[in-house]
Amino acid sequence: MTPEMSPVAEEHAGRAPMDLLRFATAGSVDDGKSTLIGRLLLDSKSIFEDQLEAVEATSHSKGYDYTDLALLTDGLRSEREQGITIDVAYRYFATPTRKFIIADTPGHIQYTRNMVTGASTADLGLVLVDARQGLTEQSRRHAVLLSLLRVPHLVLAVNKMDLVDYDESVYEKIHNEFTQFATKLNIPDLEVIPISALKGDNVVTRSEEMPWYHGPTLMHHLEHVHVASDRDLVDVRFPVQFVVRPKSDEFHDYRGYAGQVAGGVIKKGDEVVVLPSGMTSTVEAIDMFDNEIDEAFPPMSVTVRLADDVDVSRGDMIARVNNAPKPSQDIDAMICWMINEPLRPRQKLAIKHTTRMGRALVKDIQYRLDVNTLHRDQDTKELGLNEIGRIQLRTTVPLLCDPYSKNRTTGSFILIDEASGVTVGAGMINSGS
Amino acid sequence: MSAPPTHADYQLSQLDQLEAESIHIFREVAAEFEKPVLMFSGGKDSIVMLRLAEKAFYPAKIPFPVLQVDTGYDFPEVLACRDSWVSRLGVRLVVASVEQAIKDGIVVDDGKTSRNRLQIGTLLNALEEEGFTAAFGGGRRDEEKARAKERVYSHRDEFGQWDPKNQRPELWSLYNGRLHEGEHMRIFPLSNWTELDIWHYLGREGIEIPSIYFAHQRRVFQRDGMWLSESDYNPLRGGETVEERTVRFRTVGDLTLTGCVESEADTIDKIIDEIAIARVTERGATRGDDRFSEAAMEDRKKEGYF
């Protein structure tokens with residue numbers, strides 16, 4: 001089963017960092033988020049000399065007497081001119097144990113859609129608060145969105161501790177207030193860390209100013225937080241992306257179903273059902289490039305061959321006979337609306353769910369969720385830009401879906417405006433029937 | 001090592017996760033777009049793309065052609081590597097020549113504009129002529145600030161332009177490939193890879209890359225603080241002298257602009273060690289085209305660069 005390795009490959013094996021953590025950051029310009037990211041990049045030696053020199057030169061020309069680390073992450077010129085971050089930016093750094101992908105999202109109220117976008121792929125959410133300000137409406141909103149997007153781990157970084165004399169009681173007050181608020185949300189794992197991004201306290205190196213704090217530094221936590229168990233390894237879900245048919249002499253009868261495992265462990269010999277047709281078969285082989293493997297699990301991209309000649313095409317899903325999602329055309333979902341023109345009942349949109357495209361009719365808007373107070377406004381007639389609400393959809397094709405709380409891949413969808421082609425909404429399924 | 005997963009804990013290494021994500025992207029595009037094409041420079045990133053495409057559709061052939069923009073100033077070692085890959089995989093190669101585009105009046109060589117910049121018009125013309133609706137590019141978000149906000153599916157209007165303020169939100173792994181007549185999509189399957197990831201992957205896969213990435217003897221001269229290769233395309237200016245050095249290239253492009261660095265790294269592992277302690281980004285060190293202004297890349301991208 002182990003493929004042949006070239007001498008180069010053999011010598012090379014095992015040198016790359018083993019693990020991956022995707023995290024989303026949230027906070028406003030004033031919370032020092034850009035400075036914190038700059039600090040993580042700088043202290044993990046992910047900043048290059050030419051980048052640092054450019055930033056030092058800019059800081060100097062602006063008359064600062066310190067190096068503005070925030071400049072390291074201010075991407076586009078139009079943003080630099082305005083001094084704000086207008087879109088999700090992705091940053092990369094690595095330590096010997098883990099590689100990190102940061103989805104850096106702006107914190108302003110009008111940019112909820114960016115936060116939702118950044119959080120959709122994140123294993124961990126990092127919310128920043130200014131120790132002097134304490135929890136704000138915005139930090140609560142960020143926590144609500146991370147919880148809604150089912151980001152399994154949350155870190156609240158209490159920043160600017162240097163400006164409150166590293167006072168434990170300031171940290172304790174914010175810690176308690178946030179913990180209390182978090183009980184209303186779905187946050188399986190929470191860590192509250194007192195830091196100073198500017199001075200570097202508890203970011204990568206442990207602060208000498210806060211001996212009262214016994215928890216991990218931010219970097220230590222990011223490196224060690226356990227994310228492997230966040231996947232569903234029980235319920236087999238394999239959305240078919242592409243049918244591989246070489247039609248060559250060597251592989252004349254080859255017919256494989258290519259896709260990325262969205263849940264569970266698929267094993268050779270498993271009895272499976274193909275949805276929505278309901279036909280059953282057995283897994284004859286699982287191919288990963290030119291070698292056969294015995295089992296496949298998320299997020300592997302593989303090609304599955306079945307023992308029987310059943311009709312399978314893109315958009316279908318392979319699941320276990322006794323554990324399959326029910327095909328549903330009536331969908332109950334939370335939605336984040338992303339364009340100026342509001343969402344209204346009776347509207348028709350294109351929908352993409354796993355590898356399946358269809359059309360959807362908005363049957364009803366049940367309520368709008370106030371992300372600051374968690375109040376449900378049931379009188380609402382529409383959802384505006386950056387608003388979140390619960391809606392009912394009727395789809396032209398059955399969706400092979402799970403609740404989002406169970407599986408973030410088979411529980412999510414996007415809505416597309418058919419005229420403009422733009423992605424207008426992000427949906428998280430509560431249930432289908 | 002094509003990573004046999006450690007089945008005991010159902011964990012994938014980060015490189016395997018990146019590979020799986022990229023393969024997913026290739027398959028989505030092949031399924032949803034009428035006429036995709038892979039933009040191939042012969043550089044290490046586009047070789048990783050080809051490798052991933054090979055894996056995504058195996059044992060079938062890659063279901064789209066490969067497009068190369070020939071600047072006329074390409075390194076012969078790079079063209080040789082390109083030909084070797086194309087013939088091994090049996091894919092169709094489309095060459096869009098900058099020389100030809102100049103002759104046809106599609107782009108104007110005013111003697112001041114770099115070949116790299118002339119590639120933009122040549123490329124857009126080739127995409128339009130062949131009617132390609134999706135073009136895979138090897139861009140990575142770690143390369144440069146303007147790339148950090150690039151989507152995996154990057155929408156281009158009928159002029160091939162990128163509008164950074166009007167990008168479609170991209171959530172989960174649900175990509176939106178909707179297009180209007182005349183528009184096309186740039187696809188970046190390596191978005192989440194870093195330079196080190198690319199090298200680790202090349203090392204692991206043990207696949208062919210152009211020899212100029214490895215340390216070799218070369219006749220070079222210094223210009224604007226960079227070592228450039230001696231070549232007929234690169235006439236010496238006053239005061240410049242040629243000497244022989246042990247060098248390697250960190251990126252491959254137009255040879256009149258692409259500098260090399262002094263290096264003894266003649267294996268992938270040595271290159272990785274070198275990069276791990278490198279203090280200058282690969283573009284900052286050796287790409288004349290990115291040094292002209294801090295926002296050089298942003299401007300070229302808006303116009304329709306790779």
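Which residues does A:Leu149 touch, not counting residues up to four places away in sequence? In this predicted model, A:Leu149 touches A:Val116, A:Ala119, A:Ser120, A:Tyr404, A:Arg408 and A:Met428, and also B:Trp172 of the other lettered chain. A:Leu149 belongs to the largest nonpolar core, which has 80 residues, and is one of the members that touch the most other members, together with A:Phe23, A:Leu126, A:Leu156, A:Val158 and A:Met161. The largest share of this core, 6 residues, is supplied by helix α7 of chain A, which spans residues 168-182. A second core, separate from that one and made of 64 residues, includes B:Leu18, B:Ile47, B:Ile62 and B:Ile272.

Chain A as a whole contains 8 helices and 23 strands, and 58% of its 433 residues count as buried. Among the contacts in chain A that link residues at least 6 apart in sequence, 69% join residues at least 24 apart.

Two of the residues touched by A:Leu149, A:Val116 and A:Ala119, lead to a helix pair. Packed helices are described in general by the angle and the distance between their axes. Here the axes of helix α5 (residues 112-120) and helix α6 (residues 137-148), both of chain A, come within 9 Å and cross at roughly 45°. Because angles from 35 to 65 degrees fall outside both the roughly parallel and the roughly perpendicular ranges, α5(A) is oblique to α6(A). The crossing of α5(A) past α6(A) is right-handed, and the contact is formed by A:Thr112, A:Met115, A:Val116 and A:Ala119 on α5(A) and by A:His142, A:Leu145 and A:Leu146 on α6(A). Sorted by class, the residues of this contact are 5 nonpolar and 2 polar, with no charged residues.

The backbone also deserves attention. Most peptide bonds are trans, and most residues other than glycine have a negative phi. A cis peptide bond, with omega about 5°, joins A:Leu275 and A:Pro276, and A:Pro276 lies in the loop between β11 (271-275) and β12 (279-288) of chain A. Another cis peptide bond joins B:Tyr58 and B:Pro59, with omega about 5°; B:Pro59 is in the loop between α2 (44-57) and β2 (66-70) of chain B.

Positive phi values are found at A:Asp165, where phi is near 55°, and at B:Tyr10, where phi is about 50°. A:Asp165 sits in the loop between β5 (153-159) and α7 of chain A and, because its relative accessibility is 66%, counts as exposed. B:Tyr10 is in the segment before α1 (14-32) of chain B, and its relative accessibility of 18% means that B:Tyr10 counts as buried.

Key. Residues are numbered from 1 along each chain as its sequence is written. Chains are lettered from A and ligands numbered from 1 in the order in which they are written. This is a predicted model: local features need pLDDT of at least 70, side-chain atom pairs count only at pLDDT 80 or more; totals for chains, interfaces and linings use all residues. Side-chain values use heavy atoms; hydrogens and water are left out. Axes are lines fitted to C-alpha atoms, for helices over the stretch in contact, and angles run from 0 to 180 degrees between N-to-C directions. Helices (H or I, at least four residues) and strands (E, at least two) are DSSP runs, numbered from the N terminus. Angles under 35 degrees count as roughly parallel, over 145 as roughly antiparallel, 65 to 115 as roughly perpendicular and the rest as oblique. A crossing is left-handed if the near helix is turned anticlockwise from the far one by less than a right angle, and right-handed if clockwise. Contact means heavy atoms within 4.5 Å. Ala, Val, Leu, Ile, Met, Phe, Trp, Tyr, Cys and Pro count as nonpolar, Asp, Glu, Lys and Arg as charged, and the others, Gly among them, as polar. A nonpolar core is a set of buried Ala, Val, Leu, Ile, Met, Phe, Trp, Tyr and Cys residues joined through side-chain atoms within 4.5 Å. Buried means under 20% relative accessible area, exposed over 50%, partly exposed in between (1.4 Å probe, protein chains only).
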